[in-house]
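Here's a quick walk through one protein model and its metal sites. Have the structure open as you read.

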Amino acid sequence: MSAEMDTIEHELEDSIATLRQAGIRITPQRQAILKFMIASHTHPTADEIYQALSPDFPNISVATIYNNLRVFKETGIVKELPYGDSSSRFDFNTHNHYHVICEQCGKIVDFHYPQLDEVEQLAQHVTDFNITHHRMEIYGLCKECQDKKSNS
Ligand code: ZN
Ligand code: MN
């Protein structure tokens, strides 16, 4: 087994243990969605997960995917990244990190940087809001899209 496969299996076991502790039943569909989330580093939408799994699970629906993502979110296994009107993306890695987003193809890449906690304190101080969290997104053109542009 490759190191990558080994990590995925490990994270899958951990996540299943977390779900079981929360009293959640592990169905084959639920396990497949979880595994897809762990293996993909692309922050997929519910629709993308549906497209990927429907060949193996002909009875699966987008609603099933959504229900499962909601369960994973409630147990803290995935984080939802809402984007206004367009569909949310889902992130398996809930450790604090920021995102760099391609303006052309929409790809989201993790960017690890020390948390800007002082911004929250300052925002709370200045606005009197009870600040709950913050989200930072950095935009640009990914390598693939830069190459496409220079080739056309
Ligand atoms: Zn791109
Ligand atoms: Mn991420």
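Which residues coordinate the zinc ion (ligand 1)? In this predicted model, the job falls to four cysteines: Cys102, Cys105, Cys142 and Cys145, each through its SG atom, at 2.3 to 2.4 Å. Along the chain, these donor residues follow the spacing C-x2-C-x36-C-x2-C.

As for geometry, the angles among the four donor atoms run from 101 to 119°, and the site is tetrahedral. That call holds because four donors count as tetrahedral if all angles lie between 85 and 135 degrees. For reference, the ideal angle for four tetrahedral donors is 109.5 degrees.

**The manganese site**

The manganese ion (ligand 2) has a mixed set of protein donors: His43, His97 and His99 give NE2 atoms, while Asp91 and Asp110 give OD atoms. These donors lie 2.0 to 2.3 Å from the ion. Their spacing in sequence reads H-x47-D-x5-H-x1-H-x10-D.

How buried are some of these metal-binding residues? Here are two from each site, with their relative accessible areas.

| Residue | Relative accessible area | Class |
|---|---|---|
| His97 | 11% | buried |
| His99 | 5% | buried |
| Cys102 | 5% | buried |
| Cys105 | 42% | partly exposed |

Cys105 doesn't make the buried class because its relative accessible area is 42%, and buried means under 20%.

**Around Ser88**

Strand β2 covers residues 86-91, and Ser88 sits in it. Is Ser88 buried or exposed? Ser88 counts as buried because its relative accessibility is 10%, and the cut-off for buried is under 20%. Its side chain makes a polar contact of 2.6 Å with the side chain of Glu80. Leaving out residues up to four places away in sequence, Ser88 touches Glu80, Leu81 and Pro82, plus Pro44, Thr45 and Ala46.

**The nonpolar core**

The largest nonpolar core has 23 residues, and the members touching the most others are Leu19, Leu34, Leu69 and Phe72. Four helices each supply at least two residues of this core: α1 (3-21), α2 (28-39), α3 (46-53) and α4 (62-74). The largest share, five residues, comes from α2.

What does Leu19 contact, once neighbours within four places in sequence are set aside? The list includes Leu34 and Phe72, along with Ile24, Ile26, Val71, Thr75 and Ile77. Leu34 and Phe72 are also named with Leu19 among the core members that touch the most others.

Key: Residues are numbered from 1 along each chain as its sequence is written. Chains are lettered from A and ligands numbered from 1 in the order in which they are written. This is a predicted model: local features need pLDDT of at least 70, side-chain atom pairs count only at pLDDT 80 or more; totals for chains, interfaces and linings use all residues. Side-chain values use heavy atoms; hydrogens and water are left out. Donors are N, O and S atoms within 2.8 Å of the metal (3.2 Å for Na, K and Ca); water is not among the atoms, so sites may look incomplete. Buried means under 20% relative accessible area, exposed over 50%, partly exposed in between (1.4 Å probe, protein chains only). A polar contact is a pair of N or O atoms within 3.5 Å; within protein, one must be able to donate a hydrogen and the other to accept it, and residues adjacent in sequence count only if both atoms are side-chain atoms. Contact means heavy atoms within 4.5 Å. A nonpolar core is a set of buried Ala, Val, Leu, Ile, Met, Phe, Trp, Tyr and Cys residues joined through side-chain atoms within 4.5 Å. Four donors count as tetrahedral if all angles lie between 85 and 135 degrees; four count as square planar and six as octahedral if opposite donors are over 155 degrees apart and all others between 65 and 115; anything else is irregular.
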